[in-house]
Structure formats: structure tokens, C-alpha cells
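Here is a short briefing on one protein chain. Please look over the sequence and the coordinates first, then read the points below.

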Amino acid sequence: MAARRQSKNELDAEDRNAMPDSAFAFPRQRKEPLNDASHVRNAIARFDQVRDATDAERAEAFKRIKRAAKRHGVELTETRWQDLGKPSATMKSSDKPRSGGSRGNQPRGNQPRGSQSRGNQPRGGRSTGNQSRDELYAEAKRRDIKGRSSMNKSELERALKGS
């Protein structure tokens, strides 16, 4: 059987294990190698997916990414690590915006739960009138309400009040 041809930017386990800790954005975890432009772009894109990193480690990782980006000719528009973010307990990769822009240009209904403005509501328990469509849908699913997938927010509210 022919050996699989490895692309220039692909790291196999042997190459990755041979790299020094300093070649990674997060050296303690050996996450996000910075050995070429492709991996630097990947480290920028996945910065907010690295778990169990302190804010100090994120600040150091951002410095390493900035140096690697300059060395490999990768444009980095962010000026602080906070601009790249850090993972939240509920964030899934599907919640991230697909375009390079901010969430400000997306319709409110497409934002992940918790990112919509709550006005003067306290952050803790919300009354049922202020739940997002996603939260209402989750409750409708828990109660096994039929037809919930095609319901809008007001229809979900009515169905939940009726059950």
C-alpha cells in the first residue's frame, strides 16, 4: 500500500513531538503550533477554543502568536488577546460567527444564547417573558411539545403556557 503523502503544512505526531514547547502558542498544554503561516492562522482562529488556560497564559500565547504572525507574514488585526476571546462554558464551535466580522452585523435571532441584550434584567433568573427563543425551544423539547421546531418565539411561549 502506498504511503499517504503529507502536505507541507501538515504535522504528524512525530514532527509535533519533536517540536520544543516554545514553538507552541500554549506551551504548557502544547497547543497551537506556530511553525508556519498556516498554523499561525489556525492558532488565531482557535484561540478561544483552548480550555484550561489562565489569563496570563492567554496573554503570553497572544504575544507568541503576534511574533509568529510577523515572522510568517500573517496579518493580525487584533491588538489584545481579549479580542480573540476565551471559551465560555456554553459556547460551541457552531456559535462562532462564520465571517470575520463582529456579531453586530448578524440578526439578533442568530446570536448564541446569552449574547442578546437583557436590558435592565438581572443576570440571574429571568422571568418567562424574557426568555430567548432558544431557551423556550429547549423547554418545549423537555416537555415534548409537538411541532416546536417550526414555531417562532411567540408560538413557543403560547404552547408552553398551554401545557
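The average pLDDT of the protein chain is 77, and 69% of the residues score at least 70. This is a predicted model. Its elements comprise 6 helices and 2 strands. Confidence comes first below, then architecture, helix packing and salt bridges.

**Confidence**

- One stretch calls for caution: residues 100-127 have a pLDDT that stays under 50.
- For residues 100-127 the model has 25 contacts beyond four places in sequence.
- Across the whole protein chain, 69% of the residues reach a pLDDT of at least 70.

**Architecture and surface**

- Read from the N terminus, the order of elements is α-β-β-α-α-α-α-α.
- Both strands therefore follow the opening helix directly in that order, given that helices and strands are numbered from the N terminus.
- The protein chain has 163 residues, and buried residues make up 25% of them.
- Among contacts with a separation of 6 or more, 37% are between residues 24 or more positions apart.
- The exposed area of the protein chain is about 11400 Å².
- Carbon and sulfur atoms supply 47% of that exposed area.

**Helix packing: H2 and H3**

- Helix H2 covers residues 37-46, and helix H3 covers residues 55-72.
- The axes of H2 and H3 come within 9 Å and cross at roughly 145°.
- The crossing of H2 and H3 is left-handed.
- On the H2 side, the residues that meet H3 are Ala37, Val40, Ala43 and Ile44.
- Their counterparts in H3 are Ile65, Ala68, Ala69 and His72.

**Ala45, a residue of H2**

- Ala45 lies in helix H2.
- Is Ala45 buried, partly exposed or exposed? Ala45 is partly exposed, because its relative accessible area is 43%.
- Ala45 and Leu84 are 39 residues apart in sequence.
- In space, the C-alpha atoms of Ala45 and Leu84 are 8.0 Å apart.

**Salt bridges**

- How many salt bridges does a search of the whole structure find? The search finds 8.
- Arg30 pairs with Asp21 in a salt bridge, with 2.4 Å between the closest N and O atoms.
- Arg30 is partly exposed, because its relative accessibility is 23%.
- Asp21 is also partly exposed, at a relative accessible area of 41%.
- A salt bridge links Arg80 and Asp83, whose closest N and O atoms are 3.6 Å apart.
- Arg80 has a relative accessible area of 44%, so Arg80 counts as partly exposed.
- Asp83 is partly exposed too, with 41% relative accessibility.
- Arg148 and Asp144 form a salt bridge, the closest N and O atoms lying 3.8 Å apart.
- Why does Arg148 count as buried? Arg148 counts as buried because its relative accessibility is 18%, and the cut-off for buried is under 20%.
- Asp144, the partner of Arg148, is partly exposed at 44% relative accessible area.
- Glu139, Arg142 and Arg143 are joined into one network by salt bridges that share partners.

Methods:
Residues are numbered from 1 along each chain as its sequence is written. This is a predicted model: local features need pLDDT of at least 70, side-chain atom pairs count only at pLDDT 80 or more; totals for chains, interfaces and linings use all residues. Side-chain values use heavy atoms; hydrogens and water are left out. A salt bridge is a side-chain nitrogen of Lys or Arg within 4 Å of a carboxyl oxygen of Asp or Glu. Buried means under 20% relative accessible area, exposed over 50%, partly exposed in between (1.4 Å probe, protein chains only). Helices (H or I, at least four residues) and strands (E, at least two) are DSSP runs, numbered from the N terminus. Contact means heavy atoms within 4.5 Å. Accessible areas come from the Shrake-Rupley method with a 1.4 Å probe; for residues, only the protein chains shown count as cover. pLDDT is the predictor's confidence in each residue, from 0 to 100. Axes are lines fitted to C-alpha atoms, for helices over the stretch in contact, and angles run from 0 to 180 degrees between N-to-C directions. A crossing is left-handed if the near helix is turned anticlockwise from the far one by less than a right angle, and right-handed if clockwise.
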